[in-house]
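Me: I would like to learn how to read a helix-rich chain, beginning with a single helix and working outward. Could you take me through it step by step?

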Amino acid sequence: MVNQLMTNLHYLVAMILFIIGFHTMLTHSNLIKKVIGMNIMETGIFLLFISIGYVRGGSAPIINDSIASYVNPLPSALILTGIVVGVSLTAFSLSMILKIYHYYGTVDSDEIMKIKDAEE
Amino acid sequence: MTHLPVLIIVFYLVLAFLTPLLGRIKRLNTGWLAIGGTLAGLIMAAVLAWHVAQNGPYSYFPGQWQAPIGIEVRVDALTVLMTLLNNGVGLMVMLFALRGVKNEIGEGLTVWYNTIFFLLMAALNGLAMSFDLFNVFVFTEIGTITACALVAIKPKRMCIRAALHYLILSTVGSGMILLAISLIYMVTGHLNMGFISGEIAGAFALYPLNIYVAMGLFIVGFGIKAALFPLHIWLPDAHSSAPAPSSALLSGLVVKIYIVVLGRLLFQMFGVGIFENIPVPDVLIFLAILGMLFGSISAMNQLEFKRMLAYSSVAQIGYIFLGLSLTTHEAMAGGLFHMVSHALTKSMLFLAAGAIYYKTGIKKTDELNGIGYQLPLVTAAVTVGAISMIGIPGTSGFVSKWMLAFGAFDAQRPLLVGVLLISSLLNATYYFPLISRAWFGHPRSSLRWDEPPRLMLLPIIVLMIGNLWFGIFPQTLRILVVQVASMWLP
């Protein structure tokens with residue numbers, strides 16, 4: 001059991017990161033912390049995805065006769081796209097938080113809800 | 001001709017990059033560019049549909065790389081249905097937006113509005129035809145960001161808040177979708193849906209846990225984006241606060257495409273056979289029924305017209321999920337028919353709400369007394385939309401509910417017909433008072449016949465005629481949705 005866990009440690013770490021991020025995103029009322037949580041969650045997924053393609057003892061996928069096994073390059077290539085998507089999401093949400101601060105004077109979602117309820 | 005599927009996406013992306021540049025020319029109105037571009041997109045979609053009708057479905061491989069290595073773009077009945085719907089409704093919304101968006105977001109932002117619209121159309125058409133999981137993810141992300149931007153573009157604090165709420169929940173959904181993709185890739189070694197569906201039975205025997213988790217994550221991830229009850233909480237705020245054309249796009253197209261993609265994943269990739277082990281359809285039916293009832297009950301309590309329409313969308317999405325998850329030919333076809341019918345009706349209702357707001361500044365339903373004297377054509381469209389939502393014969397809403405009811409009998413679940421009836425009655429409780437108030441209510445002041453500009457009226461009337469057309473002559477659409485259903489079911 002422990003042995004199995006140790007050889008697949010990267011999966012466990014990825015899941016822990018995912019849950020930390022998910023939890024931060026859903027429970028914290030500070031919007032910036034939500035964005036940080038979003039990034040941690042994405043990092044967990046990226047780690048999981050990349051570790052799928054890793055071959056123990058494999059080398060970089062550049063063809064050379066002296067090398068026996070290669071690491072699967074596809075997950076890395078996909079996650080490169082994933083990172084770009086993540087960055088644009090972060091940028092977009094941060095710019096919206098900037099707008100929120102401009103309109104409400106706070107970045108705390110609880111206080112924003114209070115202001116909203118007071119309006120109605 | 002064979003390059004057409006990819007050309008549609010590339011065409012919209014190129015237009016999205018050109019729009020801000022052309023917008024710098026002082027005398028050019030990019031609204032006309034949006035209309036022309038979407039018209040060209042609609043023509044391309046029609047040619048694609050004609051091509052598929054002649055030669056049957058086919059796959060396109062960008063760069064000539066065959067499937068396991070290259071990316072597959074699948075052009076089948078579903079692609080045809082969704083591209084025609086996307087471009088057709090998109091064209092109508094853009095015709096409306098030429099006049100109807102300036103008063104809500106201001107003159108300076110219309111160029112950016114059109115840019116975002118083109119990006120959204122690229123994502124919607126891409127989702128309709130991609131047959132590769134990672135492509136689905138990328139297009140989903142483009143769709144999410146642009147859909148949020150369409151809400152956030154209105155310079156009001158309520159819109160920014162709604163858009164951020166939408167974005168945060170959507171990001172959770174996207175994260176889940178990517179995680180599910182990685183779990184599927186882990187056990188099958190493919191990202192192409194066709195190859196995955198070949199491997200899935202063997203993978204399920206060896207690693208059932210991966211498949212269970214991936215399926216759950218796909219349903220929750222796309223469920224958030226498609227506003228499946230109880231994951232719909234972002235929808236009322238976002239759809240009601242957005243500018244009218246955005247509401248029409250979001251309610252009519254964006255939500256629908258995620259339902260279709262989820263359907264493609266569940267029925268075409270996982271396959272119906274796997275449901276013998278996992279009672280996914282039963283869970284979805286349960287959620288759909290809750291959505292149908294809860295959405296209508298919430299809609300009854302809304303004072304604002306657009307908010308009522310938004311909650312009504314939650315109920316209507318319930319019908320679509322009900323049809324798809326009954327997994328009989330008739331019910332699935334009914335669900336897809338209802339999707340088309342709702343896309344036409346709800347976008348028309350949101351545009352009509354926008355036209356009423358444009359002309360009179362009225363947002364609340366109880367101020368709509370006697371609006372039929374002032375805007376008879378718009379009110380007629382609202383009436384047709386409302387009776388289609390309730391499901392009165394002569395409208396497309398009736399045909400789809402008829403098909404759903406037969407599908408429920410086919411699936412040996414006659415109780416669901418009762419649920420359909422109750423839900424229709426609930427729809428009637430908030431749409432009928434609206435109609436009677438609009439036509440027979442006593443107006444606040446003397447009103448003259450004063451319709452909105454013709455360009456705003458045209459799309460509303462066209463969508464109304466489309467709704468009635470499919471209600472009276474449902475055969476063409478029915479053939480198409482039955483084809484999709486028989487593609488999804490063995």
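Reply: Let us begin with a definition: the expected span of a helix is 1.5 Å times one less than its number of residues. This is a predicted model, and in it helix α19 of chain B, residues 454-472, has 19 residues and reaches 26 Å from its first C-alpha to its last, close to the 27 Å expected.

Me: Which residues of α19(B) are buried, and what covers them?

Reply: The general idea is that an α-helix has 3.6 residues a turn, so residues three or four places apart point the same way. In α19(B) the buried residues include Met456(B), Pro459(B), Ile460(B), Leu463(B), Asn467(B) and Phe470(B), and their cover includes α3, α14, α16, α17 and α20 of chain B.

Me: Is Val462(B), which lies in helix α19 of chain B, buried or partly exposed?

Reply: A residue counts as buried only if 20 or more other C-beta atoms lie within 10 Å of its own. Val462(B) has 17 other C-beta atoms within 10 Å, and it is therefore partly exposed. Its C-alpha lies 9.6 Å from that of Ala381(B), although 81 residues separate the two in sequence.

Me: How should I read chain B as a whole, and how many helices and strands are there in it?

Reply: Chain B contains 20 helices and 2 strands. Its radius of gyration is 21 Å, close to the 23 Å that the globule rule gives for 490 residues, so the chain is as compact as a globular protein of that length. Buried residues account for 61% of the 490 residues in chain B, and, among contacts between residues at least 6 apart in sequence, 80% join residues at least 24 apart.

Me: Which residues touch the most other members of the largest nonpolar core?

Reply: In soluble globular proteins, nonpolar side chains tend to be buried together. Here the largest nonpolar core has 214 residues, of which Ala163(B) and Ala352(B) touch the most other members, while α7(B) contributes the largest share of this core, 20 residues. Leaving aside residues up to four places away in sequence, Ala163(B) touches Cys148(B), Val151(B), Ala152(B) and Ala238(B), and also Met96(A) from the other chain.

Me: Where does chain B touch chain A, and which helix gives the most to that side?

Reply: The contact takes 20 residues from chain B and 25 residues from chain A. On the side of chain B, α6 (133-152) and α7 (157-188) each supply at least two residues, with α7(B) giving the most, 15 residues. The residues of this side divide into 14 nonpolar, 3 polar and 3 charged.

Definitions and conventions
Residues are numbered from 1 along each chain as its sequence is written. Chains are lettered from A and ligands numbered from 1 in the order in which they are written. This is a predicted model: local features need pLDDT of at least 70, side-chain atom pairs count only at pLDDT 80 or more; totals for chains, interfaces and linings use all residues. Helices (H or I, at least four residues) and strands (E, at least two) are DSSP runs, numbered from the N terminus. The radius of gyration is taken over C-alpha atoms; the globule rule is 2.2 Å times the number of residues to the power 0.38. A residue is buried if 20 or more other C-beta atoms lie within 10 Å of its own, exposed if 12 or fewer, and partly exposed in between; C-beta atoms are placed from the backbone. Two residues are in contact if their C-beta atoms, placed from the backbone, lie within 7 Å. Ala, Val, Leu, Ile, Met, Phe, Trp, Tyr, Cys and Pro count as nonpolar, Asp, Glu, Lys and Arg as charged, and the others, Gly among them, as polar. A nonpolar core is a set of buried Ala, Val, Leu, Ile, Met, Phe, Trp, Tyr and Cys residues joined through C-beta atoms within 7 Å.
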